[in-house]
Amino acid sequence: MKSYDVAIIGLGTMGSFTALELARRQVSVAGLDQFVPPHHRGSHSGETRVFRMAYYEHPDYVPLAQRSGLLWDGLGQEFGTTLLTRSGMLSMGPEESEIIFGIRQSSRLHNLEVETLSAAEIRSRFPAFQPQDDFVGLLEKTAGWIDADASIQYALQQAKDLGAELILDNPVLGWECRENQLKVKTERENLIATKLIITAGAWANQVLRDLGLPLTVKRKVLAWFDPLQPEQFEEEKIPIFAFAPNLFYGFPNIGGRGVKVGEHLGGNLVHDLNLPVMPPSSEDLDSLVETASEVVPTLIGPPPGRDVRLLRTMTCLYTLTPDEHFIIDRHPRHQNVFFAAGFSGHGFKFAPVMAKALADLALDGTTTLPIDFLRLKGRFEKSRN
Ligand SMILES: Cc1cc2nc3c(=O)[nH]c(=O)nc-3n(C[C@H](O)[C@H](O)[C@H](O)COP(=O)(O)OP(=O)(O)OC[C@H]3O[C@@H](n4cnc5c(N)ncnc54)[C@H](O)[C@@H]3O)c2cc1C
């Protein structure tokens, strides 16, 4: 049986970057995935991801996002491609909405530059956006979008070039800890490792069954439209956008391949991850189209705009914790097992920094990165009762 310093279960967003980080630190690493990442079956499908630092969810994410931004820029230079394009992001909602209140709080606490626009200023500067009169807009110019597929591809290729063994298309059936050694059982082979990192995304509760984490998985739908007025959605003309209250969001018409829109809130619960996820239906698009017609009316236009402008759709999975904050920690009962889970629909931007934290924990037992607020500790005791 082959043996490694570290094995990683799950080579999607977090696992691919963790494999790269460990390979750089010159330890022997085996990374395993049931599919061949990047793929469309987990949480990284949909081509692009938002990067932002003025974090409405909690100000403690800001230092991690800032560090991650530098890492994305550096990785892009190293790989000779742009992984993070800083197109800016405009968040719109009433002053008291969670998103506006939260961005203001984080930017004040961390001294981040965010420009405030009135509804009238938004409409005149970005005619594509038609917010209600009582909305304000907060423009974070250093936000942007990440090329999700390229990021995972590059991370895995680089990890492989540095000596990581990538075992793909091979589901892990289980793992056990015996005399301080980890045995990982897969469909095709077994292996032994001194340390184990679990980054299994939506499948975290299967791979970490013994922990009984309070995770729920939701199916999300994304849609790309060929804009009715393409000049209003060009990459150089508009930032990424998000509107309260459902956090309807969208990207510019990147590469002319369509304007991607989605909604952060909502989505159906997924009860059985062994069954194929239902493809997007006409009903799934109703809410997206309705909101789009109000706030970005020149995207789809009047009927039959929806049918003629729709380019493609895709599903993706959110893995939500009760407080919608990530969990990254050492396994409470196995000192050589570490995990990161429950990225709650906003984890991608943190992949390079989460990878550093996981590598620190696995190799040094501790990290200087400010992740304490994301530890498991007794965080979910109440939600279990
Ligand atoms: C629609 C949508 C939009 C999003 N938008 C943003 C955004 O704009 N910005 C942002 O920062 N984040 C965003 N996110 C969230 C972000 O994409 C996720 O938080 C992130 O991808 C989670 O990474 P992960 O590594 O946990 O999961 P994944 O990337 O899914 O990786 C998990 C991997 O584990 C593998 N695996 C699981 N079980 C096993 C097993 N038994 N054996 C072998 N392999 C296994 C899976 O095959 C998979 O490859 C979005 C998510 C969705 C769904």
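**Figure 1. Thr315 is a buried residue of the predicted model, with a relative accessible area of 13%.** Because buried means under 20% relative accessible area, Thr315 falls in that class. The residue belongs to strand β18, which covers residues 310-320. Apart from residues up to four places away in sequence, Thr315 touches His40, Ser45, Arg219, Lys220, Val221, Val277, Met278, Pro279 and Pro280. The structure shown is a predicted model.

**Figure 2. Overview of the chain, with 11 helices and 20 strands.** The radius of gyration is 21 Å, close to the 21 Å that the globule rule gives for 385 residues, so the chain is as compact as a globular protein of that length. The C-alpha trace spans about 65 × 50 × 45 Å along its principal axes. Of the 385 residues, 56% count as buried. Among contacts in the chain with a separation of 6 or more, 72% are accounted for by residues 24 or more positions apart. The accessible surface comes to about 16,500 Å², and carbon and sulfur atoms contribute 49% of this surface.

**Figure 3. Packing of helix α1 (residues 13-24) with helix α2 (residues 61-79).** Two packed helices are described by the angle between their axes and the distance between the axes. For α1 and α2 the angle is about 70 degrees, and the axes are 14 Å apart. The two helices are therefore roughly perpendicular to each other. On the α1 side, the contact is made by Phe17, Leu20 and Arg24. On the α2 side, Trp72, Leu75, Glu78 and Phe79 take part. By class, this contact has five nonpolar residues, two charged residues and no polar residues.

**Figure 4. Packing of helix α2 with helix α10 (residues 351-364).** The axes of α2 and α10 are 7 Å apart and form an angle of about 105 degrees. This pair is therefore also described as roughly perpendicular. Helix α2 contributes Leu64, Arg67, Ser68, Leu71, Trp72 and Leu75 to the contact. The partners in α10 are Ala351, Pro352, Val353, Met354 and Lys356. Eight nonpolar, one polar and two charged residues form the contact of α2 with α10. Trp72 and Leu75 of α2 appear both in the contact with α1 and in the contact with α10.

**Figure 5. Surroundings of Phe343, in the loop between β20 (337-341) and α10.** Phe343 has a relative accessible area of 13% and is buried. Its contacts, not counting residues up to four places away in sequence, are Met14, Thr319, Phe326 and Met354. Of these, Met354 is also one of the α10 residues in the contact with α2. Val207 is 136 residues from Phe343 in sequence, and the two C-alpha atoms are 16 Å apart in space.

**Figure 6. Surroundings of Leu166, in strand β9 (residues 165-167).** Leaving aside neighbours within four places in sequence, Leu166 is in contact with Leu11, Gly31, Leu156 and Lys160. Leu11 lies 155 residues from Leu166 along the chain, and their C-alpha atoms are separated by 8.5 Å.

**Figure 7. Two cis peptide bonds, from Pro37 to Pro38 and from Ala244 to Pro245.** Most residues other than glycine have a negative phi, and most peptide bonds are trans. The bond from Pro37 to Pro38 has omega near 0 degrees, and Pro38 is found in the loop between β2 (29-32) and β3 (48-51). For the bond from Ala244 to Pro245, omega is near 5 degrees. Pro245 is placed in the loop between β14 (240-243) and β15 (248-250).

**Figure 8. Two glutamate residues with positive phi, Glu47 and Glu324.** Phi of Glu47 is near 75 degrees, a positive value in a residue other than glycine. Glu47 lies in the loop between β2 and β3, the loop that also holds Pro38. With 23% relative accessibility, Glu47 counts as partly exposed. Phi of Glu324 is near 60 degrees, again positive in a residue other than glycine. The loop between β18 and β19 (327-330) is the place of Glu324. Glu324 is partly exposed, and its relative accessible area is 37%.

Terms used. Residues numbered from 1 in each chain as written. Predicted model: local features only at pLDDT ≥ 70, side-chain atom pairs only at ≥ 80, totals over all residues. Heavy atoms only, no water. Axes fitted to C-alpha atoms, helices over the stretch in contact; angles between N-to-C directions. Helix = DSSP H or I, 4+ residues; strand = E, 2+ residues; numbered from the N terminus. Parallel < 35°, antiparallel > 145°, perpendicular 65-115°, else oblique. Contact = heavy atoms within 4.5 Å. Nonpolar A, V, L, I, M, F, W, Y, C, P; charged D, E, K, R; others polar. Rg over C-alpha atoms; globule rule 2.2 N^0.38 Å. Buried < 20%, exposed > 50% of the residue type's maximum accessible area, 1.4 Å probe, protein only. Areas by Shrake-Rupley, 256 points an atom, 1.4 Å probe, with all protein chains shown as cover.
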